[in-house]
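Biologist: I'd like to learn how to read pockets, cavities and interfaces in a model like this one. Could you take me through it?

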Amino acid sequence: MLTADGLMVFYENMLALNNISLRCDEGQVVGVFGANSAGKSTLMYTLSGIILDIRHKEKMRGGERISLFGDVHYRGEAIGELKANQRARRGIVLCPERRRLFPESSVLENLKIGAYLASRDEARETLGYVLELFPPLKKLLKRAAGFLSGGEQQMVAIGRALMAQPKLLLLDEPLLGLAPSVQQVVVEAIPVIRDQRGISVIVTEQYARPVMPHVDYAYILENGSTVLEGTRDELLDNPDVKSAYFGC
Amino acid sequence: MDILIYGFIQSSALLLMAFGFSLVYGVSRLPNFAHGAIYVLTGFVTWGLVQRLGLPLAVAIPLGLTTAALVGVAVYQLVLRRVRGMEVSEVIATYAIGLAILEGLRSLGLRGTSRSLPVFSDGVVFLFDVPVDHQRVAVVILGFAMVAAVWLFTRYTRIGLALKGIAQDERAAMMLGIDSDLTATVAVALGSALAGLGAVILLPLGSVVVEEGYKILIYAIAVCVVGGLGSWAGTVAASFVLGYSQYITVAYGKPHYQMVVMLLAIITTLMVRPSGFFGKQKQLEERV
């Protein structure tokens with residue numbers, strides 16, 4: 001469904017992504033794990049096209065020079081030069097790190113803004129689905145999104161991304177700053193979304209432990225390079241992974 | 001009672017002058033310094049349609065507003081798109097466009113105070129024994145109707161919601177498929193049309209002159225700075241604070257101190273509370 005080949009991203013002379021290749025098949029959940037500054041968010045920005053906007057803005061204000069290399073193909077089409085909104089139209093929707101809700105809008109309005117690409121019927125149907133997936137949101141629809149707790153915000157953020165009718169959902173650190181019990185709710189939603197909506201998911205996380213059981217395939221990044229990749233079972237059996245990421 | 005009613009009218013007038021500027025800045029972070037020029041241009045276009053071509057006001061006004069919106073689209077697509085993100089260039093470019101329009105009009109021979117737009121309806125009503133002419137009633141009604149219309153637009157329409165998304169977090173909106181060039185074009189066009197709306201309502205109270213363009217720009221900037229750049233609620237609040245200050249100054253002082261009020265308001269705000277009444281609230285951002 002999505003393949004990335006030889007992705008290289010430079011911020012000035014700093015190499016943020018070093019020759020990363022990644023693939024996500026139809027109906028798969030793919031995990032990308034790594035510590036802070038391993039390049040997870042840069043990878044998500046590159047796949048979703050946001051990096052082009054960052055590059056343009058930096059150029060306009062005379063900031064960092066960002067250079068991109070490598071190809072991204074989505075359903076047989078080269079999308080490396082498409083802007084983020086064009087990629088979203090094709091079904092690649094990013095749910096960003098730290099959620100980035102529209103803080104002054106209510107929860108319902110956040111979801112409605114998310115439905116920009118959806119038809120009226122799709123929007124209504126998806127709204128119902130999101131409330132079914134995350135029942136706590138039902139009571140919060142009128143609340144300003146900026147005043148929700150982290151877990152509630154993350155549910156809104158995922159719901160908002162679903163409203164855009166994605167075929168490939170990019171989840172960037174969905175568990176960041178959440179309490180363990182809320183982490184469970186969010187993590188368990190991932191396979192549900194995949195099974196019920198047929199949406200493929202690429203999810204990044206610092207801590208592999210809660211997410212690992214739900215992925216089909218995973219990549220482990222360090223300093224912008226892939227150091228390990230494999231199916232879930234391969235990685236779970238790997239002694240290096242065990243010691244580095246599960247602490248046993 | 002005089003002060004209460006005429007202050008209210010002055011406030012609504014400021015709202016009509018400033019809301020378009022605030023809307024454009026709020027959505028796309030573009031300071032449209034051609035705002036005053038578009039205001040005057042709409043005035044002249046409508047004047048030409050009414051007084052020269054003899055069209056009825058009901059036809060001329062929509063045509064005038066459409067012209068304003070089209071000028072807005074042209075300004076964004078031809079100029080602003082290329083310099084967007086370079087803040088100083090945005091200011092210089094829009095200010096230059098404004099100058100070109102205003103001085104262009106002047107050099108076409110549109111000087112003096114002989115041109116005026118007809119009022120909607122001639123007549124006077126008494127509010128609490130204070131005489132108010134119909135046009136000033138229209139200023140208040142249409143000022144509030146404009147805010148209400150924009151509020152409904154950003155709440156219930158797809159493109160309006162997109163504007164709201166872009167205004168709050170541009171990149172997050174882009175991730176959802178919203179095109180920031182499209183929303184910026186819509187915002188500039190809408191802002192220009194609102195400037196034009198202000199013109200066709202307010203200019204009948206005076207005459208259509210080029211100098212008005214500079215005045216409107218300064219008023220609009222003063223209202224937006226005091227209210228907090230990009231905040232719509234702040235724009236409404238600041239219109240009232242400044243509208244009453246202006247009217248009180250006129251009532252107890254001299255009319256030409258009006259401009260001083262505005263400039264003092266800008267300076268005071270920048271010294272005391274640079275983000276204005278309702279500047280973007282930082283504390284909401286980092287809640288984890």
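Modeller: Let's start with the residue classes in a pocket lining: the second largest pocket has 13 nonpolar, 9 polar and 8 charged residues in its lining. Here Ala, Val, Leu, Ile, Met, Phe, Trp, Tyr, Cys and Pro count as nonpolar, Asp, Glu, Lys and Arg as charged, and the others, Gly among them, as polar. Keep in mind that this is a predicted model, where local features need pLDDT of at least 70, side-chain atom pairs count only at pLDDT 80 or more, and totals for chains, interfaces and linings use all residues. Residues are numbered from 1 along each chain as its sequence is written, chains are lettered from A and ligands numbered from 1 in the order in which they are written, and side-chain values use heavy atoms, with hydrogens and water left out.

Biologist: Which residues lie nearest the centre of the second largest pocket?

Modeller: First the idea: on a 1 Å grid over the protein atoms alone, a pocket is an open set of points with protein on both sides within 12 Å along at least five of seven lines, a cavity is a set where a 1.4 Å probe fits but cannot get out, and lining residues have an atom within 4 Å of a point. In this case A:Glu104, A:Ser105, B:Lys164, B:Gln168 and B:Trp232 lie nearest the centre, out of 30 lining residues. The pocket holds about 760 Å³ of space. Helix 5 of chain B gives the most to that lining, with 6 residues.

Biologist: And how many cavities of 30 Å³ or more does the structure hold?

Modeller: There is 1, with about 60 Å³ of space. Its lining includes B:Phe33, B:Tyr95 and B:Tyr214, and helix 4 of chain B supplies the largest share, 4 residues. By class, the cavity lining has 8 nonpolar, 3 polar and no charged residues.

Biologist: Now the interface. How many residues does the contact take from each chain?

Modeller: Contact means heavy atoms within 4.5 Å. Chain A gives 41 residues and chain B gives 33. Buried area is the accessible area (1.4 Å probe) that two parts lose on being put together, summed over both; between these chains that is about 3200 Å², with carbon and sulfur atoms giving 56%.

Biologist: How many salt bridges does the rule find across the interface?

Modeller: You look for a side-chain nitrogen of Lys or Arg within 4 Å of a carboxyl oxygen of Asp or Glu. Here the rule finds 5 between chain A and chain B. Take B:Arg171 and A:Asp53, whose side chains meet in a salt bridge at 2.9 Å, N to O.

How values were computed. Points joined across faces, edges and corners; volume = space filled by probe spheres on them. Helix = DSSP H or I, 4+ residues; strand = E, 2+ residues; numbered from the N terminus.
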